[in-house]
Number of protein chains: 2
Amino acid sequence: MNAIDSLHQRLAGVVGAANVRHDSGALLSYARDATPLQRGNPDLIVFPHSTDEVAAVLRIADEARVPVIPRGAGTNLSGGTVAVNGGIVLALTRMNRLLEVDEGDLVAVCQPGVRTIELEDAASAKGLLFPPDPGSHTTSTLGGNVAECSGGLRALKYGVMRDYVLWVEAVLPGGVVIRSGGRLVKDVAGYDLRRLLCGSEGTLAVMTELTLRLVPAPACSGTGMAYFAELSDAARAVSRVLSSGVLPVTLEFLDDVCIDAVEEYAQIGLNRTAGALLIFGQDGDQPTVDHDLTRIARSCEAEGARNVHIASSPEEAGELLQARRAVLPSLSRLGGLTILEDATVPRSRIAEMVDHIQAVARRHRLKIGTFGHAGDGNLHPTAVLDPADEDAVRRAELAFEEIFAKAIELHGSITGEHGVGIVKLAFLERQLGPDHVALLRRIKTAFDPHGILNPGKLGS
Amino acid sequence: MNAIDSLHQRLAGVVGAANVRHDSGALLSYARDATPLQRGNPDLIVFPHSTDEVAAVLRIADEARVPVIPRGAGTNLSGGTVAVNGGIVLALTRMNRLLEVDEGDLVAVCQPGVRTIELEDAASAKGLLFPPDPGSHTTSTLGGNVAECSGGLRALKYGVMRDYVLWVEAVLPGGVVIRSGGRLVKDVAGYDLRRLLCGSEGTLAVMTELTLRLVPAPACSGTGMAYFAELSDAARAVSRVLSSGVLPVTLEFLDDVCIDAVEEYAQIGLNRTAGALLIFGQDGDQPTVDHDLTRIARSCEAEGARNVHIASSPEEAGELLQARRAVLPSLSRLGGLTILEDATVPRSRIAEMVDHIQAVARRHRLKIGTFGHAGDGNLHPTAVLDPADEDAVRRAELAFEEIFAKAIELHGSITGEHGVGIVKLAFLERQLGPDHVALLRRIKTAFDPHGILNPGKLGS
């Protein structure tokens, strides 16, 4: 019996034979996540059902020094769940119970495999809001959201995933279970492990239960849009809005490439002559929503916006947001390969960054549309190309290298919400410096001395 | 020349002779922080002026294996800045420059020695709000606030210090400087060191520069109060308020001991027959403030509140808040020794916890008043006694041990905002368990292999 067969047998003893797979269908399905061009070949896919099972799997894997790659729905965009060194993909999708939504304590308790939208809906049914709103929310799991520290459209006002993690149960390599935090906004007993695990990309521990903070749902919301001749005008409008005393819930932008692609695809009447489109939204009580949308509209007009428009009904607001949601599918249909990237700059540098992206695209003869969260400076430059055109793929790699370098130069980040994964590991030291990366490695070792958790990623 | 003299000489070469002190006045002043009953005797007090000087001091101290205790204004309430093993107290009060307040990026950049109130005022002057609001804000420094992850009165709505730390420059033992984060709401490049340092109580690194998030200042605010016959009624009102869709900026309570003490001292017309007083506040646009205060008042009435009152002017609102602010001085004058403690429970367990505290006080024949942040379950049971009465001091120690045990039993925390320090180190393992504490020690070692930073505290 070879090593994998022996491991298979031991793991089957823990989770049941039906929950360890190594048939070619499973091995193929779990060789990739949503990241283009990245793949790895796991040896086994294991589907645990409980914390005890996760602990037993990690004990066995640690003894055998076999890699374990925790995984939710696989919507990752940085190759974070790709098994680059083989080993066990630990799929947490069976641990999908939403255990509690408590209106008094304003918390939800859930297993990591619960999908984001399930929590959103359960909270909404009780008059509550779970603000983190990653683009993949209909598919992604909360465990994955926490592991990646997902962001989304509401981060400017409501923050990101880390701002909603109150308690974590997690299993360390070797099988030790730790619990950090509580149903508490205030808790400073010990180093803040729950927030250290948030964004640790499956490299430190496997999260098995989460307590997440909820907030009362706002009574109303509203949406508007503004066209600008130049993206730099839109960027100045963003600064003007934020300096005016308004913190909008949504402040999204599309560059001209994206406007063009969306209109081509969705035909919703966008103005294709504009250089940029800003979509803004606010929530709260009706007077605040009305007042803030008017203030945002005025800031846009002061920076030369044309056709500023505020939706007069929820249906119309939905249509405006549709323009934003249609960007990725619209761009995707322009080429067989869509590389959706993720870089953040201080919001005062957005125009400079998008200018750079457009210049890089021209120089490398690439189609790159940029859209994203203008309010928090989180940009999604997205290249579309023919995957068979190897030279174009190579040019895209060079282009994104230059884009990341610019983000670092502008005191931004190579990743705002998609994670480092394998795609950006080579750039991490450029942003953080060697001493910082060495410290990350020592922290990794404090959790995972044998380096079995998601090797080849953060902390490696 | 003995070892201390030699160290003194080397440090004087770095920061200048005037900035290394070991005169008896300095040694006495820096032997204590604001924590009663705790003291330690440092060998030297060093006042660096720059990041380079901090790095040089940490290099020398690490080589010599001499403890370094970073310290701001010394308002700590858990003995966190007491030099239990001697060594160097590194007083960061000369690094007190507020470098920038940027309305476009909604950030402030400052050195660690800037006082909290200075930032509050500078932000306010530009129409911005820095929400963390520790009780010591007129004295405490921002570096200390971050190191302790300070909370305060606005945490329910706005969160605590960790929610406002965007970028940190910090020096590791040995003198290596790392920088984490940026002017970015979204940044997931690497483990989240800035939030790991938040609440690390000076045991991992010395922070030398901070970028902090600001928010637009709300246009208006309002305050109200409600008396209850029993504290359990007030606690139920808190749950009802939060379930009703309102997230108040302030939701504070006083038990009958505190009401009595405040009225005795300040004579502001409080009703001494009440079992509890709830003070609530909201900020935002005027219609939202009015609407929310009315909703909060109705929730209080539905739980049997009498005399619900909403202030009709900012002056009157100030008077209501005065009742809350007067609690600590009022209690303090009842005895020579005031032990202000800090425990958090899920907000649904507040009544149970306060009942327990009052029973413990009776059993140990102690005067303990409890007040605090009802909205986030953060309670401040405060004992007043005669410091010369050794038996009473001993009974108070036993009482707080029982109070912390109850907080743990109710899935709360031994500390919500004051830190572990030396006062609660013995209770930490009870809350977290031995495996968790062992992991904290390994994280400590990843930062500080020779254990020179604030030894005898977190991570020891």
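Colleague: What makes Glu341(A) and Lys424(A) a salt bridge?

Modeller: This is a predicted model, and in it the closest N and O atoms of Glu341(A) and Lys424(A) are 2.7 Å apart. The cut-off is a Lys or Arg side-chain nitrogen within 4 Å of a carboxyl oxygen of Asp or Glu, so the pair counts as a salt bridge.

Colleague: Why do you say that the pair links distant parts of the chain?

Modeller: Glu341(A) sits in the loop between strand S16 (337–340) and strand S17 (343–344) of chain A, while Lys424(A) is in the loop between H14 and H15, 83 residues apart.

Colleague: How do you know whether Lys424(A) is buried or exposed?

Modeller: Buried means under 20% relative accessible area. Lys424(A) has 1% relative accessibility, so the residue counts as buried.

Colleague: And Glu341(A), buried or exposed?

Modeller: Glu341(A) is at 5% relative accessibility, and therefore counts as buried by that cut-off.

Colleague: Which residues does Lys424(A) touch, leaving out those up to four places away in sequence?

Modeller: Besides its partner Glu341(A), Lys424(A) touches Asp342(A), Phe404(A), Ile414(A), Thr415(A) and Gly419(A).

Colleague: What makes Arg363(A) and Glu402(A) a salt bridge?

Modeller: Their side chains meet at 2.8 Å, N to O, and the cut-off is within 4 Å, so the pair qualifies. Arg363(A) belongs to helix H13 (residues 350–363) and Glu402(A) to helix H14, 39 residues apart.

Colleague: Why is Glu402(A) called partly exposed?

Modeller: Partly exposed lies between under 20% (buried) and over 50% (exposed). Glu402(A) is at 24% relative accessibility, so the residue takes the middle label.

Colleague: What makes Arg430(A) and Glu401(A) a salt bridge?

Modeller: The closest N and O atoms of Arg430(A) and Glu401(A) are 3.6 Å apart. That is within 4 Å, so the pair counts. Arg430(A) is in helix H15 and Glu401(A) in helix H14, 29 residues apart. Arg430(A) is partly exposed at 46% relative accessibility, and Glu401(A) is partly exposed with a relative accessible area of 31%.

Colleague: Which residues are joined into one network by salt bridges that share partners?

Modeller: Glu100(A), Asp102(A), Asp105(A) and Arg183(A). Over all chains, the count comes to 58 salt bridges.

Colleague: How many of them are between chain A and chain B?

Modeller: Six salt bridges are counted between chain A and chain B. One pairs Glu417(B) with Lys186(A), at 2.9 Å from N to O. That is within 4 Å, so this pair meets the rule across the chains. There are also 36 residue pairs in polar contact between chain A and chain B.

Colleague: Which elements give two or more residues to the side of chain A that touches chain B?

Modeller: Among them are strand S9 (177–181), helix H8 (231–243), helix H10 (286–302) and helix H16 (434–447). H16(A) gives the most, with nine residues. The residues of that side divide into 33 nonpolar, 26 polar and 21 charged.

Colleague: How many residues are in contact, and what area is buried between the chains?

Modeller: In chain A, 80 residues are in contact with 79 residues of chain B. The two chains bury about 6300 Å² between them, with 60% of it on carbon and sulfur atoms. Lys186(A), Val188(A) and Tyr191(A) lose the most area to chain B on the side of chain A, together 16% of what that side buries.

Colleague: Why is the relation between chain A and chain B called a two-fold axis?

Modeller: Chain A can be laid on chain B by a turn of 180° and a shift of 0.0 Å along the axis, with an RMSD of 0.0 Å. That is the relation of a two-fold axis. The same surface serves both copies, as 99% of the contact residues of chain A recur in chain B.

Colleague: What makes the phi of Cys149(A) worth a remark?

Modeller: Most residues other than glycine have a negative phi. Phi of Cys149(A) is near 50°, a positive value. Cys149(A) lies in the loop between helix H5 (142–148) and helix H6 (155–158). At 2% relative accessibility, Cys149(A) counts as buried, because the limit is under 20%.

Colleague: What is the phi of Leu106(B), and where is this residue?

Modeller: Leu106(B) has a positive phi of about 55° although it is not a glycine. Leu106(B) is in the loop between strand S5 (98–102) and strand S6 (107–110) of chain B. Its relative accessible area is 3%, so Leu106(B) is buried.

Note on methods
Residues are numbered from 1 along each chain as its sequence is written. Chains are lettered from A and ligands numbered from 1 in the order in which they are written. This is a predicted model: local features need pLDDT of at least 70, side-chain atom pairs count only at pLDDT 80 or more; totals for chains, interfaces and linings use all residues. Side-chain values use heavy atoms; hydrogens and water are left out. Copies are superposed by least squares on the C-alpha atoms of residues with pLDDT of at least 70 in both. Contact means heavy atoms within 4.5 Å. Buried means under 20% relative accessible area, exposed over 50%, partly exposed in between (1.4 Å probe, protein chains only). Buried area is the accessible area (1.4 Å probe) that two parts lose on being put together, summed over both. A polar contact is a pair of N or O atoms within 3.5 Å; within protein, one must be able to donate a hydrogen and the other to accept it, and residues adjacent in sequence count only if both atoms are side-chain atoms. Helices (H or I, at least four residues) and strands (E, at least two) are DSSP runs, numbered from the N terminus. Ala, Val, Leu, Ile, Met, Phe, Trp, Tyr, Cys and Pro count as nonpolar, Asp, Glu, Lys and Arg as charged, and the others, Gly among them, as polar.
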